[in-house]
Each structure stands twice: as structure tokens, then as C-alpha cells.
Amino acid sequence: MAAAARTARLAPRLASISRPAVARAGVSSVAQRAAFSVSARRTKSEVIKETEVPVTVYSPDHKGVASSNSDHFSIPVKNGAASAPEAAAEDLDAVTPLQDKVYRQMPRTLQKMSVYGKVIIVTGGARGLGNHMARACAEAGAKAIAIFDANQELGDEAAAELHQKTGLPVSFFKVDVRDGNAINAAVQNVVDLYGAPDVLVNSAGIADSNIKAETYDPAMFRRLIDINLTGSFLMSQSVGRAMMAAGKPGSIILVASMSGSIVNYPQEQSCYNASKAGVIQLGKSLAAEWAKYNIRVNCISPGYMDTALNKVPALDAQKKIWKSLTPQERLGAVDDLNGLCVFLASDASGFMTGSNVIIDGGYTLY
Ligand SMILES: NC(=O)c1ccc[n+]([C@@H]2O[C@H](COP(=O)([O-])OP(=O)(O)OC[C@H]3O[C@@H](n4cnc5c(N)ncnc54)[C@H](O)[C@@H]3O)[C@@H](O)[C@H]2O)c1
């Protein structure tokens with residue numbers, strides 16, 4: 001566009017914009033000095049309440065090429081608190097796999113944040129958080145997904161659904177994470193089917209709550225530790241060995257809990273809390289030991305999440321207390337770990353190992 005025509009088009013907008021914006025646009029050094037002296041006169045206690053916000057917008061031309069043209073205008077500022085943006089309706093059931101064509105067009109930063117071409121094992125992937133992290137990995141470019149879970153029916157359904165929705169290779173292994181031999185056989189089968197795993201997301205776990213320590217049945221205590229802690233170890237050991245044997249870098253993500261760092265209130269659940277503290281420390285120890293193999297190990301520690309694990313009538317009254325103790329005043333949604341999971345699985349988190357990332361709506365701030 002010719003300079004004269006552009007100036008004519010912008011004239012009405014320029015007339016209405018505030019001084020600092022005009023100064024930035026280089027319109028007049030006198031105006032610039034005036035704007036500076038106005039702001040310099042402001043005292044520290046003064047509340048800034050502009051009535052308009054100067055804006056400069058740089059847009060590509062009609063061919064999508066960067067241009068030196070810019071638009072200057074002001075937007076009015078409304079008084080009063082901003083109203084909360086309306087939540088966009090989202091189809092949580094949709095799973096859209098990342099197409100090769102789209103991946104190739106993505107900028108390098110976004111490519112690194114994907115899990116393009118990676119083989120991913122997700123335990124506890126039959127339902128809940130694990131299932132949604134598996135879906136997220138499928139959307140973020142996974143080459144193949146293997147779900148390990150003790151629940152045959154739900155596991156089969158979950159794998160069939162994910163395959164139908166994405167067309168990706170998805171398999172289900174009915175594996176109890178307490179069973180080292182079964183895990184080894186299943187991991188070897190994943191290697192045979194898809195190649196060595198690049199990522200393990202260990203989400204299988206159980207929770208016993210509202211049990212007083214003084215009356216805790218030792219057999220129940222041992223069972224929970226066996227699933228949550230020993231299961232995390234056995235899965236990491238088996239997948240870690242497969243990564244080492246293939247000489248492949250890898251990322252292991254252990255789902256711990258904020259209960260590994262704080263004591264929940266009001267429910268008494270010493271065993272669960274101890275198991276998750278153990279998972280966090282296991283993750284750190286493996287991270288230190290396996291850095292030499294280029295295997296990273298990190299923990300995700302969720303706060304209260306709205307999953308079947310917590311959909312127990314006995315917990316209804318306590319949920320109100322949990323929400324009131326959470327700055328965001330809600331439980332986490334079942335897909336609220338997805339972004340963090342993909343990031344930790346991706347090469348974008350390449351320098352991150354031994355971390356425990358709490359994702360809890362702010363619960364642990366109080
Ligand atoms: N929901 C929460 O509020 C919350 C909070 C913090 C941490 N977590 C942790 O997140 C993980 C997932 O929780 P969720 O809410 O999705 O639970 P969930 O009960 O919905 O899903 C857990 C899955 O793990 C499987 N599983 C259980 N025991 C197993 C075993 N021995 N071997 C193999 N699979 C087994 C189950 O069949 C199920 O599919 C758990 O480790 C849990 O401790 C959950």
C-alpha cells in the first residue's frame with residue numbers, strides 16, 4: 001500500500017489514540033517528551049486508570065508474508081471488574097491424531113513439544129487420568145500406544161476406542177503392576193510389535209482413604225504399597241531395561257500425588273500418603289541413576305481430581321472441604337494432566353529429570 005493511502009486510512013484512528021502510543025509510533029518527539037513528563041509527574045501512590053489502551057498491530061499481507069505495515073488504534077477501557085470468559089464447549093470424547101503433514105508444518109518449538117513417532121506405554125490407561133493421558137499422547141503424535149491395566153474389560157474397551165478414533169496402533173495388555181514377570185513379558189511384546197518404548201506413563205494406582213492408622217489392616221497396607229510403589233518400580237525397571245537395551249533415550253513419568261508431599265485433610269490415609277512419598281523419592285533416585293543412559297524420570301503430583309477414584313459416596317461431604325481448601329475451588333478435570341504429561345514425554349523437557357511437578361489448582365499453597 002502506498003504510504004499516502006495508508007496515512008489517510010489511519011488518520012481517524014491516529015487522531016483518537018493516546019500520547020504514549022503516538023510517541024512509540026514516532027509521530028513527534030515533542031509529543032514523546034510530553035507523554036514522558038506526564039508519567040514522570042505521577043506519584044508512587046497513584047492508581048493507574050487509563051480510559052483507553054493504545055494498540056499497534058502488525059499483520060502479514062494477503063499472501064501471508066510478514067510486512068512492515070502496522071495498524072495503530074485505541075481500545076476503550078470499561079470500568080469495573082472484567083467478567084469471566086465463557087468456557088468454550090469442548091467435545092472431550094474427540095481424539096484427533098497428529099497428521100504427518102501437520103507435524104512437518106509445525107515450527108520447531110511445537111515439534112519438540114510433540115511426542116511424534118514415540119512408542120508409549122501407559123499403565124492404568126483403562127480409565128481415568130491414565131486413559132486421558134493416553135488420548136493426549138495419541139493427539140500429540142505417538143506412533144503407537146500400549147495400555148497396561150489389570151481391568152480386562154475396561155482395558156479392552158479403552159484400547160479399541162482409542163484405535164477406532166485415531167487409526168493408530170493401540171494394544172491392551174492385561175497386566176497387574178505387581179507382577180514383575182507379566183510386566184517383562186508384556187514390555188518385550190511391545191518391543192516386538194512397535195520397537196523399544198520411548199515413554200512410560202505409570203498411572204496405575206489405588207487409594208484407600210478414611211482408615212485410621214491405629215486400625216489399618218497390615219495386609220491392606222502391604223497391598224496398597226505393592227500396587228502404588230512396588231508397581232511403579234517394577235514398571236520403571238522393565239521399561240528402563242528395554243530403553244537401555246535399545247540404546248534409546250527415554251522419558252518415564254510416574255503419577256504420584258500431592259499426598260506424597262502434604263497430609264490430606266480431613267480424611268486419614270497414612271498408607272496412600274506414604275506410598276506416594278515413596279513414588280516421588282523413587283522417581284528422583286531413578287533419575288539420578290539413569291541420567292547416564294539418557295533416561296529421564298519425573299513425577300506428576302496431582303491434587304484432587306474428579307475421577308472414578310473419588311466418585312465414592314463416602315467422599316461426597318469431604319469433597320466440599322477439598323474444594324474450599326483449593327484456591328481454584330474445584331477438583332481437577334480428568335484431562336487436566338494431559339498437557340503436563342505430553343510435555344514431560346516430549347523432547348521439550350529434555351533437561352528436566354528428577355522433578356516432581358504438583359498440579360493441584362493451588363491446594364498446596366495454603
Ligand atoms: N483422582 C485423584 O484425585 C488423584 C489424585 C492424585 C493422584 N492420583 C493418582 O493418579 C493415578 C490414576 O488415578 P485415577 O483417578 O485415574 O484412578 P482410576 O481408579 O480411575 O484409574 C486407575 C486405573 O489403574 C488400574 N489399576 C489399579 N490397580 C492396578 C494394578 N494393580 N495393576 C494394573 N492396573 C491397575 C485400574 O484398573 C484403573 O484403570 C493413581 O496412581 C492415583 O493414585 C489420583
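Reader: Which residues point one way from strand 4, and which the other way?

Author: This is a predicted model, so take what follows as computed from it. In a regular strand the side chains alternate between the two faces of the sheet. Strand 4 covers residues 144–149, and six of its six residues are buried. Pointing one way are Ala144, Ala146 and Phe148, and pointing the other way are Ile145, Ile147 and Asp149.

Reader: Which residue of strand 4 stands opposite Ile121?

Author: Strand 3 (residues 119–123) runs parallel to strand 4, and five bridges join the two. Val119 sits opposite Ala144. As for Ile121, the residue facing it in strand 4 is Ala146.

Reader: Which helix does the chain pass through between strand 4 and strand 5?

Author: Strand 5 (residues 170–174) is parallel to strand 4, with five bridges between them. One of the paired positions is Ile147, whose partner in strand 5 is Phe172. To get from strand 4 to strand 5, the chain makes a right-handed β-α-β crossover, and the helix on that path is helix 7 (residues 152–166).

Reader: What is the order of the strands in the open sheet?

Author: The chain has nine strands along with twelve helices. Seven strands make up this open sheet, and they pair in parallel. Strand 5 and strand 9 (356–359) each have a single partner strand, so one side of each has no neighbour in the sheet. Reading across, the order is 5-4-3-6-7-8-9.

Reader: By how many degrees are neighbouring strands of this sheet turned against each other on average?

Author: We're still on the open sheet of seven strands, where the pairing is parallel. Ignoring direction, the average turn between neighbouring strands is 15°.

Reader: Why is strand 8 largely enclosed by the rest of the structure?

Author: Look at both faces of strand 8 (295–302). On one side Ile295, Val297, Cys299 and Ser301 are buried, and on the other Arg296, Asn298, Ile300 and Pro302 are buried too. Strand 8 is largely enclosed because its buried residues number eight of the eight.

Reader: Which residue in strand 9 is the bridge partner of Cys299?

Author: Strand 8 pairs with strand 7 in the parallel sense over six bridges, and there Gly250 has Ile295 as its bridge partner. The chain goes from strand 7 to strand 8 by way of helix 10 (residues 270–290), in a right-handed β-α-β crossover. Strand 8 also runs parallel to strand 9, joined by four bridges. In strand 9, the partner of Cys299 is Asn356.

Reader: At about what angle does helix 12 run to strand 7?

Author: Two helices to look at here are helix 9 and helix 12. Helix 9 lies across strands 3, 6, 7 and 8, and runs at about 175° to strand 6. Helix 12 (residues 338–345) lies across strands 3, 6, 7, 8 and 9, and its angle to strand 7 is about 150°.

Reader: How many nonpolar, polar and charged residues are in the contact of helix 8 with helix 9?

Author: The axes of helix 8 (residues 180–194) and helix 9 (residues 218–246) come within 10 Å and cross at roughly 35°, and the crossing is right-handed. Helix 8 brings Gly180, Ile183, Asn184, Val187 and Val191, which meet Leu234, Met235, Ser238, Val239 and Ala242 of helix 9. Sorted by type, the residues of this contact are seven nonpolar, three polar and no charged.

Key:
Residues numbered from 1 in each chain as written. Predicted model: local features only at pLDDT ≥ 70, side-chain atom pairs only at ≥ 80, totals over all residues. Axes fitted to C-alpha atoms, helices over the stretch in contact; angles between N-to-C directions. Left-handed = near helix turned anticlockwise from the far one by under 90°. Contact = placed C-beta atoms within 7 Å. Nonpolar A, V, L, I, M, F, W, Y, C, P; charged D, E, K, R; others polar. Buried ≥ 20, exposed ≤ 12 C-beta atoms within 10 Å, placed from the backbone. Pairing = 2+ DSSP bridges. Right-handed = clockwise from strand over helix to strand, strands pointing away.
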